[in-house]
Amino acid sequence: HSAASSSSGASPFSPNGCASAGTPSCSPSAPCGGGSGSGGSGGAASSASSARVGGGFAGGSVPSRTASGGGGAGNEEQSESGTGRGEPATHYASIISELFQGHVVSIVRCLECQRTSRTKEPIYDVSVQIPSSNELAGGPGPELQRESSGRGPSWTGMLGNVTGKVKSWFYDKGVEVTDCLRKFCAPEYLIGKDKYECEHCKRKTDGERRLAFMDLPEVLCIHIKRFRYDANWFNATKSSRVVTFPVNKLLDMASFLEEPPLYPVEYRLIGLIQHIGSMGGGHYISYCQHKKKPQEWYEFDDLQVSLVSPEQVERAEPYVLFYQRVPSKANRLDRQTFKNDCRRTEAQIRQHLLSIPPSPCAASQAGMEEVRYHAPALRSFYRNPPADLDIAFVSKRWYVRLTTMSHPGPIDNYEYLCPHRLLGCSSAEMASEPFMPISHALFQSLVQKYGGGPVVRALAICPKCQMYLRAYNDRKQAEYDLVSKYDTKDTGDGEGWYLVDAVWVNKWKRYVRSEHVSDIQDMCAPGPVSNQRLCDKTGSIRSNLKLRIDYIGVNARVWWMFMHVHGGGPAICRNSLDLYSEGHPLETELKLEELQFAGATEEFARRTSHVYVEECKGDAELFHQRYGGGGHGDIEMMSAVEDVVQRQSPGPHAVAPMASAAAVEMMRAPSHDAMQDVVEDTEAEVT
């Protein structure tokens with residue numbers, strides 16, 4: 001458990017407050033820079049005074065290479081919805097959400113019709129108030145609070161508050177952290193200005209609202225509200241009231257759950273943050289428990305780290321408390337069983353490798369054992385383990401969850417397998433790195449208890465995905481080189497601007513900036529060029545679209561390169577960068593010579609086409625089956641159809657239609673006459 005300390009003025013705890021920053025534009029010849037904010041709000045990317053930004057696209061920038069974050073992995077017997085491939089992410093799981101995220105439910109009850117409404121909300125920390133002495137003593141009941149709150153303070157409430165304050169001057173035992181949680185979950189009456197808008201009564205009524213925990217996180221973070229802000233900063237105060245939190249006593253959260261739990265819900269204290277000082281300024285120190293020696297606590301005060309007793313920790317004035325959920329006895333037994341099984345399985349693997357006859361080049365017995373049990377030998381063994389060992393593989397990530405969390409969740413092997421139920425990576429080293437071997441019997445028992453799967457008996461690399469990876473990386477490098485060569489600050493060799501949706505351009509930047517991809521799950525191809533977002537349902541250009549925000553401009557050569565590499569459309573060609581200016585005819589004569597399906601460039605054109613990479617996944621044999629012996633006839637016909645469809649550039653309020661799915665399907669027909677008919681029919685349709 002790490003801890004940090006800092007000197008600062010007191011401020012409310014805000015775990016969700018994070019800085020954001022813009023990323024300046026960059027060109028192919030310079031590295032891409034990025035800024036990051038800290039402490040407050042981040043900066044935004046500055047816009048250029050000209051329509052040109054950097055040395056690349058109009059209203060955008062030609063990207064340069066930067067490192068891209070890696071992804072996860074996929075699975076064997078999985079449903080299509082299991083991995084979520086091809087679907088936009090609705091949220092992003094991380095180590096933070098896995099450890100700190102829980103859920104509370106807000107229940108509001110109308111006090112007239114007695115109907116209730118429920119709202120589920122995620123939480124990462126629980127901010128609790130310190131109850132007053134009057135609240136701990138009972139104070140006025142809920143009904144009396146409801147009656148008196150609309151008419152101002154009652155004499156009973158005033159006397160109770162005064163009595164509580166007088167008692168606190170002489171003797172105050174403080175409150176327990178459970179008292180703070182009880183106040184957090186206590187009913188609150190919505191009356192006066194805060195009346196509840198009841199959907200059933202169709203008017204504002206008195207209501208009752210309370211909070212309850214639906215599910216609790218692995219690490220429960222309790223923030224104690226010690227700072228209070230009234231009219232302004234000068235009226236702000238800090239409460240130094242004692243809040244007790246026994247170090248050696250478990251925190252039972254069962255009574256704060258919405259429904260009674262089936263199993264114990266207990267937490268142990270693992271750390272806390274203390275604020276020393278007042279509102280004007282102060283100092284933060286923290287206390288953390290040793291993971292393997294629970295009786296040892298350490299104080300972190302800037303650079304000083306010292307051993308302290310549990311009694312000293314209990315005397316601290318807590319600001320933020322961190323509790324970790326206590327695993328059940330069954331979970332602790334599973335941890336020990338897993339570790340013992342791992343040792344037995346590794347011993348069996350070592351014995352098997354040593355039983356293999358040594359090679360003639362082995363210099364000594366010690367050297368022979370080192371070579372046999374070295375990583376290359378293990379990787380070769382993992383690709384095809386002998387059936388008599390009866391082993392299976394489980395991800396190291398799930399093993400870490402099992403040994404550190406109270407409930408590890410389902411086995412996640414499915415996240416590491418490709419659609420062909422093998423490993424979609426480029427090397428045996430990458431294939432074996434995320435896994436560890438266990439016995440098949442243990443794997444089956446874990447699946448029965450925790451769910452998930454599937455069983456992985458060998459770490460075999462998928463040959464189809466390897467072809468796809470090679471085609472993807474080669475195409476991406478070739479595309480980067482072509483854009484660097486042909487992109488200009490003006491219309492280049494042509495006269496028209498080709499306008500492209502800025503959303504697609506951002507996806508393309510992420511794709512072309514990424515480093516060499518070694519796993520299919522790291523792929524981030526932008527897909528076909530799509531300008532449909534710039535149009536309404538009738539096909540006309542939407543109003544009030546702005547350069548750099550909604551679209552950018554490229555020259556003719558870059559546009560035709562996009563069409564060859566990614567496909568899509570439709571083309572929107574203009575005399576200027578204004579989307580609403582006069583249309584310009586498409587300049588098909590400016591297609592790149594490197595991408596012509598003829599002569600010496602035929603092979604390069606095939607390997608960079610979206611048909612070869614995205615449709616055929618880099619499979620040359622499949623490509624020839626679908627598009628004929630030479631492979632270029634059908635693609636030339638496809639280009640002819642696309643040229644006819646986009647021959648007349650749309651005006652300021654219309655766009656050229658895209659080739660129909662039926663036309664594209666007919667282009668795969670073996671008859672050249674049939675495909676020629678498609679071209680003629682499409683030309684007539686456009687006319």
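**Exercise 1.** Through how many residues does a hairpin join β15 to β16?

*Solution.* The model is predicted; local features need pLDDT of at least 70, side-chain atom pairs count only at pLDDT 80 or more, and totals for chains, interfaces and linings use all residues. Residues are numbered from 1 along each chain as its sequence is written, and side-chain values use heavy atoms, with hydrogens and water left out.

Step 1. Helices (H or I, at least four residues) and strands (E, at least two) are DSSP runs, numbered from the N terminus.
Step 2. The hairpin between β15 and β16 passes through four residues.

**Exercise 2.** Determine which strands pair with β15.

*Solution.* Two strands pair if DSSP finds at least two bridges between them.

Step 1. Strand β14 (residues 251-252) pairs with β15 (residues 266-277) in the antiparallel sense over two bridges; here Asp252 stands opposite Glu266.
Step 2. Strand β16 (residues 282-289) is antiparallel to β15, with seven bridges, and Tyr284 is the bridge partner of His275.
Step 3. Strand β19 (residues 318-325) is likewise antiparallel to β15 over seven bridges, with Pro318 opposite Gln274.

**Exercise 3.** Establish why helix α16 is described as largely enclosed by the rest of the structure.

*Solution.* Buried means under 20% relative accessible area, exposed over 50%, and partly exposed in between (1.4 Å probe, protein chains only).

Step 1. In α16 (residues 556-565), 10 of the 10 residues are buried, so the helix is largely enclosed by the rest of the structure. Among them are Arg557, Trp559 and His564.
Step 2. Just after α16, Gly567 takes a positive phi of about 70°.

**Exercise 4.** Identify the residues that touch the most other members of the largest nonpolar core.

*Solution.* A nonpolar core is a set of buried Ala, Val, Leu, Ile, Met, Phe, Trp, Tyr and Cys residues joined through side-chain atoms within 4.5 Å.

Step 1. The largest such core has 45 residues, of which Tyr498, Val500, Val554, Trp559, Met561 and Phe562 touch the most other members.
Step 2. Elements that each supply at least two residues of this core include α14 (463-486), β22 (497-501) and α16; α14 gives the most, with nine residues.
Step 3. A second, separate core of 34 residues includes Leu251, Tyr267, Trp297 and Tyr323.

**Exercise 5.** Explain why Cys198 forms no bond with Cys201.

*Solution.* A disulfide is a pair of cysteine sulfur atoms within 2.5 Å.

Step 1. The closest cysteine sulfur to that of Cys198 lies in Cys201, 3.6 Å away, which is too far for a bond.
Step 2. A search of the whole structure finds zero disulfides.
Step 3. Cys198 counts as buried because its relative accessibility is 4%.
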